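Here are some notes for a colleague who is opening this structure for the first time. Please read the points in order, with the model in view.

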Amino acid sequence: MNIIGYKINEGDPYFDFSTIKDLLNIDRSKLQRDLRRVANTDFIKYKNQHLYKQEVLFKLMEEQLIKDLDKIKSPINERS
């Protein structure tokens with residue numbers, strides 16, 4: 001897996017769509033829905049790619065972690 005990060009004007013790194021998709025290991029359509037849902041989806045279009053801020057990646061990672069933890073927690077609560 002290649003992680004492609006772009007540094008623009010000494011700010012936070014930006015990541016392209018396919019890198020975010022590979023890091024989160026989710027489908028393209030689900031990632032598109034999640035990106036539309038996230039409030040701060042600032043992106044830059046560079047060489048026919050959409051580049052998203054690092055904070056968008058972290059927000060999506062946090063949401064996915066919470067969903068996965070809920071999946072793990074719910075079967076444990078059902079057994080009790």
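**Notes on the strands, one helix and one buried acid**

1. Before anything else, please keep in mind that this is a predicted model, and that the values in the points below are computed from it.

2. A useful place to begin is strand β4, which spans residues 49-53 and pairs with β3 in the antiparallel sense over 4 bridges. Strand β2 also pairs with β4, again in the antiparallel sense, and here the pairing runs over 3 bridges.

3. Which residues face each other across these pairings can be followed one by one. Phe43 has Tyr52 as its bridge partner in β4, while Lys45 stands opposite His50 in β4. Tyr14, for its part, stands opposite Lys53 of β4.

4. The hairpin formed by β3 and β4 has 2 residues between the strands, and within this hairpin Lys47 takes a positive phi near 50°.

5. Ile44 belongs to strand β3, which covers residues 43-46. Is Ile44 buried or partly exposed? Its relative accessible area is 30%, and because buried would require a value under 20%, Ile44 counts as partly exposed. Ile44 and Tyr14 are 30 residues apart in sequence, yet their C-alpha atoms are 8.5 Å apart in space.

6. Asp16 deserves a careful look, since this residue of strand β2 (residues 13-16) is buried and yet has no salt bridge. The nearest side chain of opposite charge is that of Lys21, at 10 Å, and a salt bridge is counted only within 4 Å, so Lys21 does not qualify as a partner. What does the side chain of Asp16 contact instead? It makes a polar contact with the side chain of Ser18, at 3.1 Å.

7. Helix α2, made up of residues 28-37, has Leu31, Asp34 and Leu35 as its buried residues. Seen down the axis of α2, these buried residues fall within an arc of 100°, and they therefore line one face of the helix.

Conventions: Residues numbered from 1 in each chain as written. Predicted model: local features only at pLDDT ≥ 70, side-chain atom pairs only at ≥ 80, totals over all residues. Heavy atoms only, no water. Buried < 20%, exposed > 50% of the residue type's maximum accessible area, 1.4 Å probe, protein only. Lys, Arg positive; Asp, Glu negative; His and termini not counted. Polar contact = N/O pair within 3.5 Å; in protein donor to acceptor, adjacent residues only side chain to side chain. Arc of directions from axis to C-beta. Pairing = 2+ DSSP bridges.
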